[in-house]
Amino acid sequence: MDYDVKNRSNKKSGLTAVYYAKMEDIVNIAEIGPTFTTQASKVSIYDNHTFATDDGFRVMYVDKEKSKLTWEGLGERGSGTGKCVLSCFIPGNRAAVAAMIADNPEMMFLTQLNPCQSGEYQQVGTKCDGAKIVPGSTNWTTGLINGSEVMGWTVTFECYQDSPIYYWGDLTLAND
């Protein structure tokens, strides 16, 4: 099979959108299919995640210049996995963000690199392992009055998944 590595990808760097949902709010978590027609289908989800009526993913406003998604291979030959890490800078001083940090719910994220590439998301979290806040990774700052440092929260989420996952299903947004 062709791995399609001869052509450069034209994607821009950085996250342009982050969507989140608590794992307990997802009624059916779609998974990578059991059969593969292309190399890319081995890391792709084509079905839709489903929610109860009026529920869905919510937008997480993050600073595009200070937020990123990484995946790192872990383990030894024959027993490897990977760690997916979403580092976010959430500007502001919302009490709800402090409550999320205190609750540390298991979550799933869909991130987008380029909003013009509709339908292509990177997924953080799986049916078996939702993303959780890394202990000790959070901090909040008032920022500086001269604007050289912005007020906001730094939060890092991580989960273990065998590969980067591409989600091609529908993005269902909550109705609130």
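Six strands of this predicted model make up an open sheet with mixed pairing, running in the order S3-S13-S9-S8-S1-S5. The edges belong to strand S3 (44-45) and strand S5 (58-59); each has a single partner strand, so one side of each is left without a neighbour in the sheet. Further in, S8 and strand S9 (residues 121-124) run antiparallel and are joined by three bridges. One residue to pick out here is Phe-109, whose bridge partner in S9 is Val-124.

Phe-109 turns up again in the packing. The largest nonpolar core has 20 residues, and Phe-109 is among those that touch the most other members, along with Met-60, Ile-90 and Phe-157. At least two residues of this core come from each of strand S7 (81-91), helix H1 (95-103), strand S8 (107-112) and strand S12 (152-160). There's also a second, separate core of 15 residues, which includes Tyr-19, Met-23, Ile-26 and Phe-57. As a general point, nonpolar side chains in soluble globular proteins tend to be buried together.

What does Phe-157 touch, once residues up to four places away in sequence are not counted? Its contacts include Met-60, Cys-84, Val-85, Leu-86, Cys-88 and Met-100, plus Phe-109 and the run Ala-131, Lys-132, Ile-133 and Val-134.

Now for the rings. The model has five aromatic pairs, and two of them look like this:

| Ring pair | Centre distance | Plane angle | Class |
|---|---|---|---|
| Phe-109 and Phe-157 | 4.6 Å | 55° | tilted |
| Tyr-121 and Tyr-167 | 6.4 Å | 50° | tilted |

Why does the phenylalanine pair tie together separate parts of the chain? Phe-109 sits in strand S8 and Phe-157 in strand S12, so the pair bridges parts 48 residues apart in sequence. Both rings are tucked away: Phe-109 counts as buried at 0% relative accessibility, and Phe-157 is buried with a relative accessible area of 1%.

The tyrosine pair also links distant parts of the chain, with Tyr-121 in strand S9 and Tyr-167 in strand S13 (residues 165-167), 46 residues apart. Buried or exposed, then, for Tyr-121? Tyr-121 is buried, with a relative accessible area of 8%, and Tyr-167 is buried too, at 0%. Ring pairs also bring in Tyr-19, giving a cluster of Tyr-19, Tyr-121 and Tyr-167. Tyr-19 is the residue already met in the second core.

One last ring has a charge for company: Lys-66 lies over the face of Phe-89, 4.7 Å from the ring centre.

Notes. Residues are numbered from 1 along each chain as its sequence is written. This is a predicted model: local features need pLDDT of at least 70, side-chain atom pairs count only at pLDDT 80 or more; totals for chains, interfaces and linings use all residues. Side-chain values use heavy atoms; hydrogens and water are left out. A nonpolar core is a set of buried Ala, Val, Leu, Ile, Met, Phe, Trp, Tyr and Cys residues joined through side-chain atoms within 4.5 Å. Buried means under 20% relative accessible area, exposed over 50%, partly exposed in between (1.4 Å probe, protein chains only). Helices (H or I, at least four residues) and strands (E, at least two) are DSSP runs, numbered from the N terminus. Contact means heavy atoms within 4.5 Å. Two strands pair if DSSP finds at least two bridges between them. Rings of Phe, Tyr and Trp (its six-membered ring) pair if their centres lie within 6.5 Å; planes under 30 degrees apart count as stacked, over 60 as edge-to-face and the rest as tilted. A charge sits over a ring if NZ of Lys or CZ of Arg is within 6 Å of the ring centre and within 35 degrees of the ring normal.
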